[in-house]
Amino acid sequence: MEGVLVTCEAQASLEGECVRCLEPIDDDVDVRFQELFLYDDQGATEGYDPEDDDGVSMLEDDLLDLEPLLRDAVVLALPFQPLCEEDCPGLCVECGARLADDPDHTHEAPIDPRWAGLTELQHDED
Ligand SMILES: [Zn+2]
Ligand SMILES: [Zn+2]
């Protein structure tokens with residue numbers, strides 16, 4: 001009986017935007033974690049200082065502070081690069097239209113005359 005073992009399950013709602021097309025994303029994330037909270041009067045005096053060790057959670061006056069644990073768990077569960085869909089095609093580099101809404105989107109318009117010389121170069125190589 002060195003402390004209290006806490007098993008926590010939580011669901012958080014996410015709001016963000018797709019890294020490719022900036023479409024708003026609403027999602028949920030489920031997190032689970034387990035943590036042993038040591039009784040303050042025992043563990044703190046035995047060899048380690050809780051201030052020095054982030055890995056140790058202590059009971060504070062019989063209260064559990066779940067917030068830092070929950071925050072860490074949620075942050076770890078967040079997608080590194082959130083996407084609206086796994087294969088989001090992103091935005092048109094020319095006009096910024098969202099390609100998922102308009103996959104056949106093309107630009108027939110003549111290329112900026114300042115770049116026209118470059119297209120000729122490209123054709124020569126073909
Ligand atoms: Zn997207
Ligand atoms: Zn476009």
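# Exercises on a predicted model

A negative patch on the surface of this predicted model is made up of Glu15, Asp26, Asp27, Asp28 and Asp30. The exercises below begin with this patch and then turn to the fold, the salt bridges, the cysteines and a nonpolar patch.

**Exercise 1.** Find which strand gives the most residues to the negative patch, and state how exposed Asp28 is.

*Solution.* Begin with the members of the patch, which are Glu15, Asp26, Asp27, Asp28 and Asp30. Next, compare them with the strands: strand S2, which covers residues 24–38, gives the most, with 4 residues. Asp28 is one of the residues that lie in strand S2. Finally, take the accessibility of Asp28, whose relative accessible area is 45%; since partly exposed covers the range between 20% and 50%, Asp28 counts as partly exposed.

**Exercise 2.** Describe the order of helices and strands along the protein chain, and then place Phe37 within it.

*Solution.* The protein chain contains 3 helices and 3 strands, and, when it is read along the sequence, these follow the pattern β-β-α-β-α-α. Phe37 belongs to strand S2, and with a relative accessible area of 2% it is buried. The next step is to look at Leu59, which is 22 residues from Phe37 along the chain, while the C-alpha atoms of the two are separated by 5.6 Å. For the protein chain as a whole, 20% of its 126 residues count as buried.

**Exercise 3.** Work out which residues are joined into one network by salt bridges that share partners.

*Solution.* The structure holds 4 salt bridges, and two steps lead to the network. In the first step, Glu23 pairs with Arg98, their closest N and O atoms being 3.6 Å apart. Glu23 lies in the loop between strand S1 (3–17) and S2, whereas Arg98 lies in the loop between helix H2 (67–77) and H3, so this pair ties together parts that are 75 residues apart in sequence. In the second step, Asp101 forms a salt bridge with Arg98, and here the closest N and O atoms are 2.8 Å apart. Shared partners therefore join Glu23, Arg98 and Asp101 into one network. Within it, Arg98 is buried at a relative accessible area of 15%, Glu23 is partly exposed at 30%, and Asp101 is exposed at 56%.

**Exercise 4.** Describe the salt bridge between Glu67 and Arg71, including where the two residues lie.

*Solution.* The closest N and O atoms of Glu67 and Arg71 are 3.5 Å apart. Both residues lie in helix H2, with their positions 4 residues apart in the sequence count, about one turn of the helix. As for accessibility, Glu67 counts as exposed at 53%, while Arg71 counts as partly exposed at 46%.

**Exercise 5.** State how many disulfides the structure holds, and say whether Cys18 is buried or exposed.

*Solution.* A disulfide is a covalent bond between the sulfur atoms of two cysteines. The structure holds 0 disulfides. Cys18, at 1% relative accessibility, counts as buried, whereas Cys95 is partly exposed, with a relative accessible area of 42%.

**Exercise 6.** Identify the residues of the nonpolar surface patch, and place Leu121 in its helix.

*Solution.* The nonpolar patch is formed by Trp115, Leu118 and Leu121, which together have about 340 Å² of accessible area. Leu121 lies in helix H3, which covers residues 113–125, and its relative accessible area of 51% makes Leu121 exposed.

Key. Residues numbered from 1 in each chain as written. Chains lettered and ligands numbered in written order. Predicted model: local features only at pLDDT ≥ 70, side-chain atom pairs only at ≥ 80, totals over all residues. Heavy atoms only, no water. Patch = residues over 30% accessible without salt bridge, like charges linked within 9 Å, V, L, I, M, F, W, Y side chains within 5 Å. Areas by Shrake-Rupley, 256 points an atom, 1.4 Å probe, with all protein chains shown as cover. Salt bridge = Lys/Arg side-chain N within 4 Å of Asp/Glu carboxyl O. Lys, Arg positive; Asp, Glu negative; His and termini not counted. Charge placed at Lys NZ, Arg CZ, Asp CG, Glu CD. Buried < 20%, exposed > 50% of the residue type's maximum accessible area, 1.4 Å probe, protein only. Disulfide = S-S within 2.5 Å.
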